[in-house]
Amino acid sequence: MTASRLLLLSLLCTLFVYQCHGACAEVDSDTEAVAGKGFKLGCISCKRRSEVKGYATVEWFFRPRGEADFVQIYTYSDDGPIIENDQFMDRVDWNGSKRSNDIQDASIYLLNVTFNDSGTYRCHFNRILFFDNYEYNTVISKVVHLTVVAKATRGTASIVSEVMMYVSIIGLQVWLLIEMIYCYRKISAAGEEALREAANAEYLAIASESKDNCAGVQVGE
């Protein structure tokens, strides 16, 4: 029984570590692009409960500076990416979650950025969460205000965003390390307990055998 509990604890710790490697952190997108270069439009929406299975499609919209309405420019689903607007034709690459329909990173990459790309971008997550007895539909929106410049200037927001990203990554790694140490100690303690129980059982067996031998000698006399 003790060996079974030890094996179960090991499997649970392994599963926990595996899930931690898929940890998600929401980081704001950069907002300044350089004309003629590429630019990543970031859009991340993490699930509150990572163990819940989900499915999501993504839509990107763009409103040029000075305009009132948004136009759809990009769609990503399990059918693949679709560029919806001629202005962005052959200039948008998917840069988000790969090999999964449970999309949490919907970032895209703009190629050969032009000044006409300045404006407001909005990405929509159309997400379905699968629970035991029902499905929950939700829509999450993220907004990026993009400015295109002739020469790169690194702003405070970009620096703070990058620092927060590294802080989040380091924090998750530290948390993972602490949990691994905790699991190791639990496994070690369970192993020591199993050894003590085995030693006690062996001692009792030897004592019982000695007692039986003594009784047999007395009967013989």
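This passage walks through the strands, the aromatic pairs and two buried loop residues of a predicted model.

Starting with the overall layout, the protein chain carries two helices and nine strands. Reading along the sequence gives the pattern α-β-β-β-β-β-β-β-β-β-α. Of the 221 residues in the protein chain, 29% are buried. Contacts reach across the sequence as well: among those with a separation of 6 or more, 59% are between residues 24 or more positions apart.

One piece of the strand architecture is an open sheet of three strands, ordered β2-β7-β6 and paired antiparallel. The edges belong to β2 (39-41) and β6 (92-94); each has a single partner strand, so one side of each is left without a neighbour in the sheet. From one strand to the next, the twist averages 30°. As for the pairing itself, β2 and β7 run antiparallel and are joined by three bridges. Lysine 40 has tyrosine 109 in β7 as its bridge partner.

A second set of pairings is built around β4, which spans residues 71-77. On one side of the story is strand β3 (residues 53-64), which runs antiparallel to β4 and is joined to it by five bridges. Within this pairing, phenylalanine 62 stands opposite valine 71 in β4. The two strands make a hairpin with six residues between them, and glycine 66 in the turn has a positive phi of about 90°. Next along the chain comes strand β5 (residues 80-83), again antiparallel to β4, with four bridges joining the two. Here the hairpin connection runs through two residues, and tyrosine 76 stands opposite proline 81 in β5. β4 itself is mostly covered, with five of its seven residues buried.

Two tyrosines of β4 also turn up in the aromatic pairs, of which the structure holds six. Tyrosine 74 and tryptophan 94 have ring centres 6.4 Å apart and planes at 10°, so this pair counts as stacked. The pair ties together distant parts of the chain, with tyrosine 74 in strand β4 and tryptophan 94 in strand β6, 20 residues apart. Both tyrosine 74 and tryptophan 94 are buried. Tryptophan 94 has another partner in tyrosine 76: their ring centres lie 3.7 Å apart with planes at 5°, so that pair is stacked too. Once more the link is between distant parts of the chain, from tyrosine 76 in strand β4 to tryptophan 94 in strand β6, 18 residues apart. The cut-off for calling a residue buried is under 20% relative accessible area. Tyrosine 76 has a value of 17%, so it makes the cut. Tryptophan 94, at 13% relative accessibility, therefore counts as buried as well. Put together, tryptophan 94 connects an edge strand of the open sheet with β4 through its ring pairs with tyrosine 74 and tyrosine 76.

Other aromatic residues gather elsewhere. Phe62, Phe88 and Tyr121 form one aromatic cluster. There is also a charge over a ring, where the charged end of arginine 122 sits over phenylalanine 70, 4.4 Å from the ring centre.

The last stop is the loop between β7 (108-110) and β8 (119-130), which contains aspartate 117. Despite the loop address, aspartate 117 is buried, with a relative accessible area of 0%. Its side chain makes a polar contact of 3.1 Å with the side chain of glutamine 87. Leaving out residues up to four places away in sequence, aspartate 117 touches Phe62, Gln87, Phe88, Arg91, Asn112, Leu146 and Val148. Two of the residues on that list, Phe62 and Phe88, belong to the aromatic cluster with Tyr121.

Serine 118 lies in the loop between β7 and β8 too. Its relative accessible area is 8%, so serine 118 is also buried. The serine 118 side chain reaches the backbone nitrogen of valine 148 at 3.0 Å. With residues up to four places away in sequence again left out, serine 118 touches Phe62, Pro64, Arg65, Leu146, Thr147 and Val148. Phe62, Leu146 and Val148 therefore appear among the contacts of both aspartate 117 and serine 118.

Technical notes:
Residues numbered from 1 in each chain as written. Predicted model: local features only at pLDDT ≥ 70, side-chain atom pairs only at ≥ 80, totals over all residues. Heavy atoms only, no water. Buried < 20%, exposed > 50% of the residue type's maximum accessible area, 1.4 Å probe, protein only. Polar contact = N/O pair within 3.5 Å; in protein donor to acceptor, adjacent residues only side chain to side chain. Contact = heavy atoms within 4.5 Å. Pairing = 2+ DSSP bridges. Axes fitted to C-alpha atoms, helices over the stretch in contact; angles between N-to-C directions. Phe/Tyr/Trp six-rings, centres within 6.5 Å; stacked < 30°, edge-to-face > 60°. Lys NZ or Arg CZ within 6 Å of the ring centre and 35° of its normal.
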